[in-house]
Amino acid sequence: MAEVIRMPRLSDTMAEGVIVAWNKKVGDSVKPGDVLAEVETDKATMELESYNEGTLLYIGVEKGQAAKVDGVLAVIGKKGEDYKPALEEAAASENGSEEGDKKEGDKQEESAEKAAEAPKQPAASKEKSGKVALPDGAKEIRMPLLSDTMTEGKIVSWNKSVGDKVKADDVLADVETDKATMEVVGYEEGTLLYIGVEAGKAAKINEIIAIVGKPGTDVNAYVEAEKSGANDTEDNSKKETEAPQETESAAVNEQASTESDASSNGRIKASPLAKKMAAEKGIDLASVNGSGDGGRITKKDIDGFKPDEKPAAQPAAAKAGAAPAKPVAAFNAIGQEGHTDVQLTQMRKVIAKRLGESKFAAPHFYLTMEINMDNAMTSRIAMNEVSPVKISFN
C-alpha cells in the first residue's frame with residue numbers, strides 16, 4: 001500500500017520547510033535510510049531520510065517551494081501502484097482536522113467577506129488605521145531568525161542590486177549572525193525594488209531588508225510610512241524617559257553649582273571641570289584669576305593660565321619659617337592622542353554579552369596556593385643547556 005511522506009518537524013520552532021533539492025526523482029527505488037531531499041528549516045538545512053521501501057510514485061512539493069509541517073511531500077509504494085487514493089485519504093484527514101477550526105472562524109470569515117466587498121483602495125493608499133498598504137504584487141523580505149539566540153543580523157554583502165531580476169532560490173545577501181555567516185534566500189520572484197539595509201549595517205529580527213515586486217512598482221510611500229511608524233515608537237520611548245533624565249541632570253547641575261559657587265569663606269570658587277584640569281596640570285587655583293561671576297575660575301582661565309603671570313600663593317596653614325614651596329610647572333602634552341573604532345562582529349558582541357552575564361549572574365570565588373619553584377628553575381636551566389629547543393615553564 002502506498003505511504004504518504006509528510007514534512008517532519010525538524011526543530012521546535014519550525015512552522016514550514018523549504019525543499020532545497022530532491023535526491024530522488026519519480027520512478028526511483030527508495031530504501032530505508034536513503035536521503036530523499038534536503039530541507040531548509042528556520043535554523044539549518046537538514047536531510048530528510050526515508051523510513052519506507054519501494055518506488056517514489058509522486059512528488060508534491062517542487063524544489064524551492066515551501067511546505068508546512070505535516071504537509072504532503074511525496075508518496076512511496078509499489079512500482080506502477082495507483083497513489084491517488086493515498087493522496088485523497090491524506091487530504092480528507094487534513095480537511096477533517098481543519099473543519100472544527102473553520103466552524104469557529106465563520107464569523108470572522110463573514111466579517112472579512114464584508115470588508116472585501118467594500119471598494120478597495122488603490123495601491124499604496126492609506127487605510128483606515130492610517131497605515132500605507134504595500135502595492136499589489138510587491139513582497140517584503142524581512143530579516144529571518146537564523147539562530148535561536150539571534151537578535152539582529154549584519155548584512156555582509158548584497159548579491160543583488162536594485163533593478164535586478166530575482167528568482168525564488170536566489171541568494172539575496174550574506175548575513176552575519178551571532179554564530180556564523182549565512183545566506184539569505186528571498187523565496188520570492190520578481191524585481192528587487194528596494195534595499196533597506198546597506199552592506200555593513202545590522203538589522204533587527206523581522207525588520208524589512210528588501211522588497212521584491214513587479215518592475216516599476218513605486219514602494220517609496222510604503223517605505224516612508226514604515227520608517228515614520230518606527231520613529232513614532234522611538235519618539236514615545238524617548239518622551240517617557242526624557243522627564244526623569246531632565247530632573248536628574250537638573251539635580252546634578254544644582255549640586256555642582258552649589259559646590260563651586262560657595263561663599264568666599266576661605267574657599268576658591270571654581271567649576272568642577274576647572275578643578276579637574278588644574279589638578280591634572282599641577283596648577284594652584286589660588287594663583288589663577290577667575291573671569292567668571294564673582295571671580296569664579298572657569299575652563300577658559302585654566303587653558304589661558306601662564307605660571308609666570310603670578311607666583312603661587314603660600315598655603316594659609318604653612319608653618320612659620322618653612323621654605324616656600326616651588327611652583328609646579330604646567331604639564332605640556334607632547335604628541336597627539338588618537339584612537340580607531342573597530343566595529344565588533346555579531347559573534348564578538350554575543351561573546352562580550354555572555355562574558356558579562358557569566359561574571360555578574362554567577363557567584364565567583366578564587367583559590368590561591370604557593371609553590372616553591374627553585375628546583376624547577378634550576379632543572380630548566382640545566383635542560384636548556386643541552387636541549388635543541390628552548391624549554392619554558394609551561
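**Exercise 1. Determine which residue of β15 is the bridge partner of lysine 154, and place this pair in its sheet.**

Solution. In this predicted model, lysine 154 lies in strand β10, and its bridge partner in β15 is alanine 202. Strand β10 covers residues 152-158 and is joined to β15 by three bridges, the two strands running antiparallel.

The next step is to read the order of the whole sheet. Four strands form an open sheet in the order β13-β12-β10-β15, and their pairing is antiparallel. Strands β13 (181-185) and β15 (202-204) are the edges, each pairing on one side only. On average, neighbouring strands of this sheet are turned by 40 degrees against each other, direction ignored.

**Exercise 2. Describe how β12 is connected to β13.**

Solution. Begin with the pairing: β12 and β13 run antiparallel and are joined by five bridges. One bridge can be named, since valine 185 in β13 is the partner of valine 171. Then follow the chain between the strands: four residues form the link of a hairpin from β12 to β13.

**Exercise 3. Identify the helix that lies across β10, β12 and β15, and state its direction relative to β10.**

Solution. The helix is α6, residues 346-361. Helix α6 lies across β10, β12 (171-176) and β15, and runs at about 160 degrees to β10.

**Exercise 4. Establish whether lysine 154 is buried or exposed, and find the nearest side chain of opposite charge.**

Solution. Lysine 154 is buried. The nearest side chain of opposite charge belongs to glutamate 176, 4.4 Å away. A salt bridge requires a side-chain nitrogen of Lys or Arg within 4 Å of a carboxyl oxygen of Asp or Glu. Lysine 154 has no salt bridge.

The surroundings of lysine 154 complete the picture. Leaving aside residues up to four places away in sequence, lysine 154 touches Asp174, Val175, Glu176, Gly200, Lys201, Ala202, Gln343 and Gln346. Among these contacts is Ala202, already met as the bridge partner in β15.

**Exercise 5. Locate lysine 276 and explain why it counts as exposed.**

Solution. Lysine 276 lies in helix α4, residues 272-281. The cut-off for an exposed residue is over 50% relative accessible area. Lysine 276 counts as exposed because its relative accessibility is 54%. As for its position relative to lysine 299, the two residues are 23 apart along the chain, and their C-alpha atoms are separated by 9.5 Å.

**Exercise 6. Examine phi at aspartate 70 and asparagine 206, and locate both residues.**

Solution. Most residues other than glycine have a negative phi. Aspartate 70 has a positive phi, near 75 degrees. Aspartate 70 sits in the loop between β7 (66-68) and β8 (72-77), and it counts as partly exposed because its relative accessibility is 47%. For asparagine 206, phi is likewise positive, near 75 degrees. Asparagine 206 is in the loop between β15 and β16 (208-213).

**Exercise 7. State how many helices and strands the protein has, and characterise its burial, contacts and surface.**

Solution. The protein has seven helices and 16 strands. Of its 394 residues, 23% are buried. Turning to contacts between residues at least 6 apart in sequence, 54% join residues at least 24 apart. The exposed surface amounts to about 27900 Å², of which carbon and sulfur atoms supply 52%.

Notes
Residues numbered from 1 in each chain as written. Predicted model: local features only at pLDDT ≥ 70, side-chain atom pairs only at ≥ 80, totals over all residues. Heavy atoms only, no water. Pairing = 2+ DSSP bridges. Axes fitted to C-alpha atoms, helices over the stretch in contact; angles between N-to-C directions. Contact = heavy atoms within 4.5 Å. Buried < 20%, exposed > 50% of the residue type's maximum accessible area, 1.4 Å probe, protein only. Lys, Arg positive; Asp, Glu negative; His and termini not counted. Areas by Shrake-Rupley, 256 points an atom, 1.4 Å probe, with all protein chains shown as cover.
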